[in-house]
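Reader: I am new to this one. Please show me the structure, and let me ask how its labels are earned.

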Amino acid sequence: MARTPLIIGNWKMNVDHVAAVSLVQKLAWTLKDAEHDPAAVQVVVLPPFTDLRSVQTLVEGDRLDLAYGAQDVSDAPPGARTGDIAAAFLTRLGVTHVTVGHSERRLHHGEDDALVAAKAVAAVAAGITPVVCVGEPLEVRRAGRHVEHVLAQVDGSLAGLGAEQVAAAVVAYEPVWAIGTGEVATPEDAQEVCAAIRQRVGQVHGEAVADAVRVLYGGSVKSSSAASLMAQPDVDGALVGGASLDAAEFAAIVGAARP
Ligand code: PGA
């Protein structure tokens, strides 16, 4: 089964709602100039929450070939959760994707697999595709335990989803030591773990689900490294941080994902 490549730009806590307008416009023009085919490669940007309304207005108003998502979501329905954002609010803003369990959330907000799983369930219930992030820290990789570490996160973080929901979900393998460090994993390292993730999904939910689920690599992806990463059979795209803030660089990564 052919999986459509997916490139996601994670802006993190960068770009306010005014700057978001020019970044999205610039990205849309650059993709157009590069004759980007939205049917061949799916492109999603993840602005901060405060930008979502302006991005929605632009994407809908100008009918841009771009989807947008959020970087986090509450596991709870609307109510007494000060500072949190309910999945239903994101759906109302046209959000299609949301990352859950990014290593920066796991680190700075103490999120564990059980909470990540609950957030994935909340996203799916609101019609949003969860992008479930997993990845090992440096000491785990050095000890040679990266595959088992990541698979435990996959088991825990996908625990609440049924087979059909996993088939439609996205898993992003982001080794913590590669995020924001400039130290990208080798294509072979990315393939090893992405293949193991797909195999585990197959063991739990069967071959058809393993064939359908999209597995991305993330961690210091640049246009220079994107093609060799995405040439790997189990790497279906990229979750891009720093390089997604530069429209030309991000568009070049999208170009490298073309099958
Ligand atoms: P980076 O971030 O591309 O800046 O390493 C990736 C991510 O954290 O999603």
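Reader: What makes the pair formed by an oxygen atom of the ligand and a polar backbone atom of S220 a polar contact?

Author: First, a caution: this is a predicted model. The two atoms are 2.7 Å apart. A polar contact is a pair of N or O atoms within 3.5 Å, so this pair counts.

Reader: Which glycines also place a backbone atom 2.8 Å from an oxygen atom of the ligand?

Author: G241 has a polar backbone atom at 2.8 Å from a ligand oxygen. For G242, a backbone N or O atom lies 2.8 Å from an oxygen of the ligand. The protein covers 95% of the 280 Å² of accessible area that the ligand has on its own.

Reader: Which residues around the ligand come nearest?

Author: There are 13 residues around the ligand, and K12, H102, E174, G180 and S220 come nearest.

Reader: How is the shell around the ligand made up by class?

Author: Seven residues are polar, four are nonpolar and two are charged.

Reader: Now the helices. Why are α11 and α12 called roughly parallel?

Author: Helix α11 spans residues 223–230 and helix α12 spans residues 247–256. They pack at an angle of about 20°, with axes 8 Å apart. Angles under 35 degrees count as roughly parallel, so α11 and α12 earn that name. Their crossing is right-handed.

Reader: How do you know that α1 and α2 are roughly parallel to each other?

Author: Use the angle again. The axes of helix α1 (residues 17–33) and helix α2 (residues 52–61) cross at roughly 30°. The cut-off is under 35 degrees, and therefore α1 and α2 are roughly parallel. Their axes come within 9 Å.

Reader: Is the crossing of α1 and α2 left-handed or right-handed?

Author: Right-handed, as α1 passes α2.

Notes: Residues are numbered from 1 along each chain as its sequence is written. This is a predicted model: local features need pLDDT of at least 70, side-chain atom pairs count only at pLDDT 80 or more; totals for chains, interfaces and linings use all residues. Side-chain values use heavy atoms; hydrogens and water are left out. A residue is near a molecule or strand if one of its heavy atoms lies within 4 Å of it. A polar contact is a pair of N or O atoms within 3.5 Å; within protein, one must be able to donate a hydrogen and the other to accept it, and residues adjacent in sequence count only if both atoms are side-chain atoms. Accessible areas come from the Shrake-Rupley method with a 1.4 Å probe; for residues, only the protein chains shown count as cover. Ala, Val, Leu, Ile, Met, Phe, Trp, Tyr, Cys and Pro count as nonpolar, Asp, Glu, Lys and Arg as charged, and the others, Gly among them, as polar. Axes are lines fitted to C-alpha atoms, for helices over the stretch in contact, and angles run from 0 to 180 degrees between N-to-C directions. Helices (H or I, at least four residues) and strands (E, at least two) are DSSP runs, numbered from the N terminus. Angles under 35 degrees count as roughly parallel, over 145 as roughly antiparallel, 65 to 115 as roughly perpendicular and the rest as oblique. A crossing is left-handed if the near helix is turned anticlockwise from the far one by less than a right angle, and right-handed if clockwise.
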